[in-house]
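Hi everyone, and thanks for making time for this. I'd like to walk you through one model, so please have a look at it while I talk.

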Amino acid sequence: LRLALQRDPDFHRAAYNLGLLLAGAQRLDEAAVMLATAEKTAPREAEYPYALATVKLRQRDRAGAFAAAQRTLAIDPTHAGARQIVRALTGGQ
């Protein structure tokens, strides 16, 4: 995936998948960078900010998680995972 990104920095799917792999390996800072890169490259893909929101939650960055979940909902207002994050962070409101 890193080689694919070296060859094509706009290959957002590679950045996203690398972010997921890094998150699975508990390399959360690196995962957040890759997921933010994917989101920046393809800002209409709802799964990218959502994945970032989940990483931000694991990093205990409530504000970052909330912001990423809100960006997800701006793309897809029906996104169940993002709605759940927003509800959890706002006390169910």
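I'll go through two helix pairs and then a few single residues. One thing up front: this is a predicted model.

Let's begin with helix H4, residues 47-58, and helix H5, residues 62-75. How do these two pack? Their axes lie 8 Å apart, at an angle of about 165°. An angle over 145 degrees counts as roughly antiparallel, so that is what we call H4 relative to H5. As for handedness, H4 passes H5 in a left-handed crossing.

Who makes that contact? On the H4 side you'll find Pro49, Tyr50, Leu52, Ala53, Lys56 and Leu57. H5 answers with Gly64, Ala65, Ala68, Ala69, Arg71, Thr72 and Ile75. Sorted by class, the contact of H4 with H5 has nine nonpolar residues, two polar ones and two charged ones.

Let me stay with H4 for a moment. Does its length agree or disagree with what a helix of 12 residues should span? At 1.5 Å a residue we expect 16 Å, and the end C-alpha atoms of H4 are 17 Å apart, so the two agree.

Which residues of H4 are buried? They are Tyr48, Pro49, Ala51, Leu52, Ala53 and Val55. As a reminder, an α-helix has 3.6 residues a turn, so residues three or four places apart point the same way. The buried residues of H4 pack against four partners: helix H2 (12-24), helix H3 (28-41), H5 and helix H6 (80-89).

Now for the second pair, H2 and H3. Here too I can give you an angle, about 160°, and a distance between the axes, 8 Å. With 145 degrees as the cut-off, H2 is therefore roughly antiparallel to H3. The crossing of H2 and H3 is left-handed.

From H2, the contact takes in His12, Ala15, Tyr16, Leu18, Gly19, Leu20, Leu22 and Ala23. From H3 come Leu28, Glu30, Ala31, Met34, Leu35, Thr37, Ala38 and Thr41. The classes in the contact of H2 with H3 are 11 nonpolar, four polar and one charged.

One of those H3 residues is Thr37. Thr37 has a relative accessibility of 28%, so we count Thr37 as partly exposed. If you'd like a long-range distance, take Thr37 and Thr90: they are 53 residues apart along the chain, and their C-alpha atoms are separated by 27 Å.

On to the loops. Gln26 sits in the loop between H2 and H3. Its phi is near 65°, which is positive, and Gln26 is not a glycine. Is Gln26 buried or exposed? Gln26 is exposed, because its relative accessible area is 55% and the cut-off for exposed is over 50%.

Arg60 is in the loop between H4 and H5. Arg60 has a positive phi of about 65° as well, again without being a glycine. With a relative accessible area of 75%, Arg60 is exposed.

Last, please find His79, in the loop between H5 and H6. Why does His79 count as buried? Its relative accessible area is 9%, and buried means under 20%. Leaving out residues up to four places away in sequence, His79 touches Ala46, Glu47, Tyr50, Thr72 and Leu73. Two of these names should ring a bell: Tyr50 and Thr72 also belong to the contact of H4 with H5.

That's my tour, and I'm happy to take questions.

Terms used. Residues are numbered from 1 along each chain as its sequence is written. This is a predicted model: local features need pLDDT of at least 70, side-chain atom pairs count only at pLDDT 80 or more; totals for chains, interfaces and linings use all residues. Side-chain values use heavy atoms; hydrogens and water are left out. Axes are lines fitted to C-alpha atoms, for helices over the stretch in contact, and angles run from 0 to 180 degrees between N-to-C directions. Helices (H or I, at least four residues) and strands (E, at least two) are DSSP runs, numbered from the N terminus. Angles under 35 degrees count as roughly parallel, over 145 as roughly antiparallel, 65 to 115 as roughly perpendicular and the rest as oblique. A crossing is left-handed if the near helix is turned anticlockwise from the far one by less than a right angle, and right-handed if clockwise. Contact means heavy atoms within 4.5 Å. Ala, Val, Leu, Ile, Met, Phe, Trp, Tyr, Cys and Pro count as nonpolar, Asp, Glu, Lys and Arg as charged, and the others, Gly among them, as polar. The expected span of a helix is 1.5 Å times one less than its number of residues. Buried means under 20% relative accessible area, exposed over 50%, partly exposed in between (1.4 Å probe, protein chains only).
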